[in-house]
Amino acid sequence: MELNYISESSLDELKVNILSNIERYTSDEVWIYKFFEGTTWNFPSTIRIENIDLHMPQSSTLHFDFENTKKIYTSLKGLSVIQATDERLWTYLTHNTFWNYMRKRWPVESYLEKEKPVEAIKERYFFMANRDRALIRNGIARLWWYGYVSYDENREDPFELTKVLLSKLDIAQSLLERSFSRNPDITKAVLSVLKQKELETSFIDRENFRSLMMYINQLGGVTILDTLDREDLEELVREKIEALS
Amino acid sequence: MQINYRQFPHPVLSYFSDDVIDSDFQASLKSSKTQNTYIFEAYCVTSCEGINQLIEDKKALFAFHFECSTTRFRKVFTSFESFFTFQLPADSIEGKVQICSFILAAEDINNYSLPEFHPDYEGHSFIVKRGDVLGIDAERTFFAEKEIDPLKRIPSIFSVQPNRGENVIPFDMDSSGHKIVIKLSEDNFEHYKTISLNQNLQPLLSSLIIMPALVSILEMIKNAEEQDFDPEECRWYQVIKSRLRELEIDVENKNTFSDSTIAVAQKLIGDPLNISLLALVNFEDED
């Protein structure tokens with residue numbers, strides 16, 4: 001399978017026309033070829049990958065984010081960070097390659113009642129203006145980034161922490177929208193302790209998890225957490241979780 | 001990482017407090033780039049003898065903290081030496097990179113006390129943990145270019161696109177991406193396309209389309225309106241900022257931005273009005 005990019009000018013045009021294309025966004029057929037008929041709107045990258053067959057979401061709760069993260073990240077592990085931050089690549093994938101998946105996972109019909117449907121489409125099918133959040137909001141890019149921040153090849157199952165990240169409690173969103181999570185050691189330390197706690201059957205509820213996130217954020221104002229090693233970070237997280245429980 | 005005038009639980013040597021008196025900390029950073037790597041040369045110096053002693057005893061160290069929101073890159077580089085170099089792969093950062101410089105505790109210190117502490121702290125010592133901030137210099141921003149300056153010309157930061165909806169605004173713009181996208185209604189876009197084929201009429205398009213958009217952008221920059229995005233992260237902003245610098249306008253120093261935005265826009269893209277009017281006069285004569 002070829003991995004293509006949408007051209008920059010076509011990306012601009014597509015974004016300008018979200019509102020006038022809203023009906024197209026509710027179509028089950030891929031419409032982007034017709035929209036750009038007669039123009040060269042995409043070009044191939046140098047990346048070749050196996051076909052990716054994503055699990056189709058069954059409902060808003062049964063969405064197979066973990067399984068699909070494994071598929072996307074395994075196939076696209078070779079992407080550089082710069083490639084993985086390129087809106088042109090992910091927009092091509094959301095509008096073409098994975099259109100059927102996008103229709104099931106992020107159906108635009110559900111945005112039509114919202115105050116700003118265009119912004120909602122921009123968030124899931126393109127990149128939103130906030131560049132940091134954009135990566136974990138785009139319907140396909142998020143799956144790659146979930147894998148990138150949690151994949152640990154030192155584990156027997158390298159996706160063990162990914163499973164924790166996508167398990168429950170909005171962990172992915174609460175964690176990845178904090179700036180400390182940009183350091184993979186800190187992110188993995190949090191996930192690793194959550195995994196241990198899960199094995200010890202101690203239940204961490206949503207409120208405690210959010211308190212933990214706030215605590216790490218506040219601590220980061222005094223201590224540069226990035227200087228600490230994984231063991232120290234895990235100890236710090238463990239102590240706080242125990243204090244919260 | 002953004003450093004605020006926050007309250008630390010222990011005295012911190014900084015430019016915004018007098019916790020540590022008659023002392024300062026300065027960190028400088030010089031960058032260069034090879035094809036695949038950014039190389040940074042760091043030089044840190046503090047006049048605080050107490051901290052210098054801690055560094056000599058390997059109880060404190062100098063640190064530069066890098067954070068790039070575009071690529072989610074975040075890393076700290078540390079050294080016990082005043083002068084040190086470090087590198088990072090060129091493809092790990094892009095766009096705006098925030099850099100903070102610190103003096104950090106290299107180990108837990110149970111009785112942190114310096115002769116230079118403000119007299120208010122006399123007789124007190126503090127517990128600091130490894131990684132705790134002992135000193136801060138001003139935060140700085142580094143802009144990592146993806147390519148070697150491909151968008152230096154002002155008109156190239158604009159992208160004119162057709163807005164195909166019904167009842168759309170005839171002329172609008174969106175500056176939340178890397179380019180400033182000018183949105184023209186379909187009619188207007190068709191006319192724009194036709195006119196753009198005629199080289200002699202290009203200045204007319206600049207006057208009618210680029211100029212008002214640029215003035216609007218300059219107004220936004222000049223008045224530093226609250227945005228729901230950070231323009232620093234947009235490539236167009238970096239281009240305009242660097243071109244303004246050539247005109248000795250510093251966007252962070254409003255005193256240098258006293259000319260009207262119309263005057264500044266003309267300095268940035270030339271005087272398309274004059275050429276446009278001339279073209280129209282000639283057009284009239286031909287009739």
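Reader: Hi! Which element gives the largest share of the lining of the second largest pocket?

Author: Hello! That is H8(A), with four residues in the lining. Bear in mind that this is a predicted model.

Reader: Good to know. Which other elements give two or more residues to that lining?

Author: Along with helix H8 (117-125), chain A contributes helix H4 (65-75), helix H7 (99-105), helix H9 (131-137), helix H10 (141-150), helix H11 (160-165) and helix H12 (171-176).

Reader: And how many residues line the pocket, and which lie nearest its centre?

Author: The lining has 38 residues. Nearest the centre you'll find His63(A), Asp65(A), Arg105(A), Trp106(A) and Arg142(A).

Reader: What's the mix by class?

Author: There are 16 charged residues, 14 nonpolar ones and eight polar ones.

Reader: What volume does this pocket have?

Author: About 870 Å³.

Reader: Switching topic: how many disulfides does a search of the whole structure find?

Author: The count is zero over all chains.

Reader: Take Cys48(B), then. Why is a bond to the closest cysteine sulfur ruled out?

Author: Because that closest sulfur, in Cys44(B), is 14 Å from the sulfur of Cys48(B), which is too far for a bond. A disulfide needs the two sulfur atoms within 2.5 Å.

Reader: Is Cys48(B) buried or exposed?

Author: Cys48(B) is buried, and its relative accessible area is 0%.

Reader: What about Cys100(B), how far away is its nearest cysteine sulfur?

Author: That sulfur belongs to Cys44(B) and is 13 Å away, and Cys100(B) is in no disulfide. Cys100(B) is buried too, with a relative accessible area of 1%.

Note on methods
Residues are numbered from 1 along each chain as its sequence is written. Chains are lettered from A and ligands numbered from 1 in the order in which they are written. This is a predicted model: local features need pLDDT of at least 70, side-chain atom pairs count only at pLDDT 80 or more; totals for chains, interfaces and linings use all residues. Side-chain values use heavy atoms; hydrogens and water are left out. On a 1 Å grid over the protein atoms alone, a cavity is a set of points where a 1.4 Å probe fits but cannot get out, and a pocket is an open set with protein on both sides within 12 Å along at least five of seven lines; lining residues have an atom within 4 Å of a point. Grid points are joined across faces, edges and corners, and a volume is the space filled by probe spheres set on the points. Ala, Val, Leu, Ile, Met, Phe, Trp, Tyr, Cys and Pro count as nonpolar, Asp, Glu, Lys and Arg as charged, and the others, Gly among them, as polar. Buried means under 20% relative accessible area, exposed over 50%, partly exposed in between (1.4 Å probe, protein chains only).
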